[in-house]
Amino acid sequence: MSDKRPLLDTSDNENEGDGFMGARDSSMTTGITYKSATVAPTFLWYGRQILVRRKLFVGLLVVFIFSYFLIGPADVLDLDNVDSIVQVHHHSGVLDNEVVSYPNPIDPEANQKILLPKGYLVYSNQCRIVDLDPYKRDVMRHFKRVSYKPCKQRLPLTQMRFDDHSRRYVLSINKTAFQSYHVENVFSCCYMGVERVSESNVSYTNCQHFKSKAQISNTTDSVIVKCSTDKGQIYINGHATIPERVEIQQRLKQWKRRDQGKRVPSVLMIGIDSISRVNLIRAMPKTAQYLYDNDWFELAGYNKIDDNTFPNIMALMVGYNLSNAMKHCNPYVSGGLDKCDFVWKLYEKHGYATSYGEDAVKINTFNYLKKGFKQPPVDYYLRPYLSAAEKLLDVNVVLGLPHCLGFETESEHVYNYALEFARRYRNDSFFGFFWTNTHSHGDISQTSSMDDYLRDYLQRLVAQGTMEHSIVVFFSDHGLRFGPTRSTWSGHLEERLPFLFIWLPPFVRAEHPEFVDALRQNRNRLTTPYDLHMTLKHILTLSGRTGSLETLDSAKDCPQCQSLLLPVPLSRSCQDVAIEDHWCTCWSYNAVKKNSKTVRHLGERVVHYLNDYVTSFRNGSLAHLCQPLTLQGISAAYKAKISQVDPSQAQIYWLTFSTAPNKALYEATVRYIRNMTSEDNVQVTGSVSRLNSYSGEADCMNDFAIKKYCYCRHKSG
């Protein structure tokens, strides 16, 4: 029976019925010696008891306070963020702690029964990826749900719609909104077309006046509209369009004749920067729940292959790692990216209309510290319109990026453009790639403001029929790379595990039930952007317009990667699929002493590696701009538990460390081989991650590859 006494019992007796417990028994259990029961207690004896109990109480209080700050209060008592937690109920073909199997005649390994323990996304001898709790206190203390706020209180004065009879867009005055502008009939409006000059420049046509409406030429991709009264300008807005193009229609008709009535799936890709799988659930629970409830296929073991957006998108769209992307399609040279065999080129070559749109033009994936494209990379390119809109429309900035752009957020400009592209070509074959940065790039909480919008957006795609004939990919490139949560264990894993969901239209499911089986199985397998690259090529073969998947090139820098429409081997390791140690989430780690001689040696070697990297980059032409770094301290050190690596030969360490003079916080993964000479026994794997901001430190450096390691020499002055 448990002891029912109060925690701080004032009685000296263990059992009141026995009268008193002997001094010897008592001292054995408490360490306190009591007087004999036959001797009357003195005033001094009482004083000693009070002093001893006071010390005991103070000791317990100290232990409690220390434990509180070491462990933190119980999550159930963290009331500040209770309104930020919205539970998401996962629906999938794989249930925690349940033995599941998927019969598959193609891959015998797929027929084995798999036990997926609770708490894991992937579980095999080669890879065990932990299923993180989205609501861990060390992350939730930094998360606060953000409400969506309209950019304007009134509706736009103008609207744009496509006229099916004339096959042209019509710009008109919105009569419903007109009353809210409080103007008399004496006002005038005009529109000017936006024309691309280069990646960084646009020009405008003369402003064409119109009264109630105007037909827009099919040579015009987008317009800026202005309206004025005699007192000045009262309105400015922009409209991006998907105009009819003769050459595109000819391409579509030519390939449609070859199809002979065969249904060809289109592809729509909707990507969001810097959102992990876990933060999708945490910040956008309604969107996540919609995906789980409506039979989308999740790839929960999707692991990034490099640090930031550019290399992960290049692996997806071209099949190159960063090194080969720089070699074969150098983004620093004008026309360099045009040489790359992007997947959208392959689709265009085989009779698809193509489109690409991305918000925040200054940090566009192919333009931030890069030259971008010399020629428009696709049929419909949104960048010229957004370049003009960011210059001319009302803009407000949130966390360093444009947020509202005229009457809607800049991300909504991209989403609406994608919606219109899919609507305009709903009866034809298309490939669309659309990417947003502005509501997710810089903060763990901001993207929560778009939860309702994105759930409704997916429903709008259903309503206009896009989901009936299109394969839709909803995905991210990586999790949040900066900020206070990044230094946590959750942040470390989240950064490496973006989200990926795939939708198959009903006719593809009916024609290829094996794709459904494979995607369900692959939910809990290790997958990469290279696999998604191969999936896009596999989808193209379904059109019948190209040869089999075997006739198309594999992902150039991951020969073992494959289509996700086929069963992925359970026995995959990071090494098998070209994921370097630094980005691999398959291992668990044990904390080691950060001040040990070995850890200090590893830290010194990593800093030496960074200095050598900057010094030798571009044949040393930029080395004079940056100060050498020195190791300031090791913040944390961990050692990987990997069964495949012989500990006597190689050990893998993960270090978090700071440097001077830039006060930078870095994270590195190294292979340490004890029995080799000190010059060769440390190998840095992947790139070294920067965990804190370096804004303003490296303004002298315009090369994104070394910017995070450079501290400009003029800063010391």
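The following dialogue takes up selected features of a predicted model.

Visitor: In which loop does N662 lie?
Guide: Two strands flank this residue, β25 (651–660) and β26 (664–672). N662 lies in the loop between β25 and β26.

Visitor: Is N662 buried or exposed?
Guide: N662 has a relative accessible area of 3%. A residue counts as buried under 20%. N662 is therefore buried.

Visitor: With which side chain does the side chain of N662 make a polar contact?
Guide: Leaving aside residues up to four places away in sequence, N662 touches L629, R690, E697 and Y711. The polar contact of its side chain, at 2.7 Å, is with the side chain of T659.

Visitor: At what angle do the axes of helix α8 and helix α18 cross?
Guide: Two packed helices are described by the angle between their axes and the distance between the axes. For α8 (residues 309–317) and α18 (residues 529–541), the axes come within 6 Å. Their crossing angle is roughly 35°.

Visitor: How many charged residues has the contact of α8 with α18?
Guide: On the side of α8, the residues are N312, A315, L316 and M317; on the side of α18, they are P529, Y530, L532, H533 and L536. By class, seven residues of this contact are nonpolar and two are polar. The contact has no charged residues.

Visitor: How is helix α12 oriented relative to helix α13?
Guide: The axes of α12 (residues 410–424) and α13 (residues 451–463) lie 11 Å apart, and the helices pack at an angle of about 10°. Angles under 35 degrees count as roughly parallel. Therefore α12 is, relative to α13, roughly parallel.

Visitor: How many charged residues has the contact of α12 with α13?
Guide: In this contact, E412, Y415, N416, A418 and L419 of α12 meet Y453, L454, Y457, R460 and L461 of α13. By class, seven are nonpolar and one is polar. The number of charged residues is two.

Visitor: How many residues of strand β18 are buried?
Guide: Strand β18 covers residues 401–405 and is mostly covered. Of its five residues, the number buried is five.

Visitor: Which residue in the turn between β17 and β18 has a positive phi?
Guide: Strand β17 (residues 395–398) pairs with β18 in the antiparallel sense over three bridges. One bridge partner of β17 residues in β18 is L405, which stands against V395. The two strands form a hairpin with two residues between them, and the turn residue with a positive phi of about 55° is L399.

Visitor: Which residue takes a positive phi in the hairpin of β18 and β19?
Guide: Strand β19 (residues 408–409) runs antiparallel to β18, and two bridges join them. C404 has T409 in β19 as its bridge partner. Two residues lie between these strands, and the residue with a positive phi, near 75°, is G406.

Visitor: Which are the edge strands of the sheet β5-β6-β10?
Guide: Three strands form this open sheet, with antiparallel pairing. An edge strand pairs on one side only, and this holds for β5 (158–163) and β10 (213–216). The edge strands are thus β5 and β10.

Visitor: Which residue in β6 stands opposite R161?
Guide: Six bridges join β5 to strand β6 (residues 168–173), and the two run antiparallel. Opposite R161 stands V170.

Visitor: How many residues of helix α11 are buried?
Guide: Helix α11 spans residues 383–392 and is largely enclosed by the rest of the structure. Among its buried residues are R383, Y385 and E390. Of the ten residues, the number buried is eight.

Conventions:
Residues numbered from 1 in each chain as written. Predicted model: local features only at pLDDT ≥ 70, side-chain atom pairs only at ≥ 80, totals over all residues. Heavy atoms only, no water. Helix = DSSP H or I, 4+ residues; strand = E, 2+ residues; numbered from the N terminus. Buried < 20%, exposed > 50% of the residue type's maximum accessible area, 1.4 Å probe, protein only. Polar contact = N/O pair within 3.5 Å; in protein donor to acceptor, adjacent residues only side chain to side chain. Contact = heavy atoms within 4.5 Å. Axes fitted to C-alpha atoms, helices over the stretch in contact; angles between N-to-C directions. Nonpolar A, V, L, I, M, F, W, Y, C, P; charged D, E, K, R; others polar. Parallel < 35°, antiparallel > 145°, perpendicular 65-115°, else oblique. Pairing = 2+ DSSP bridges.
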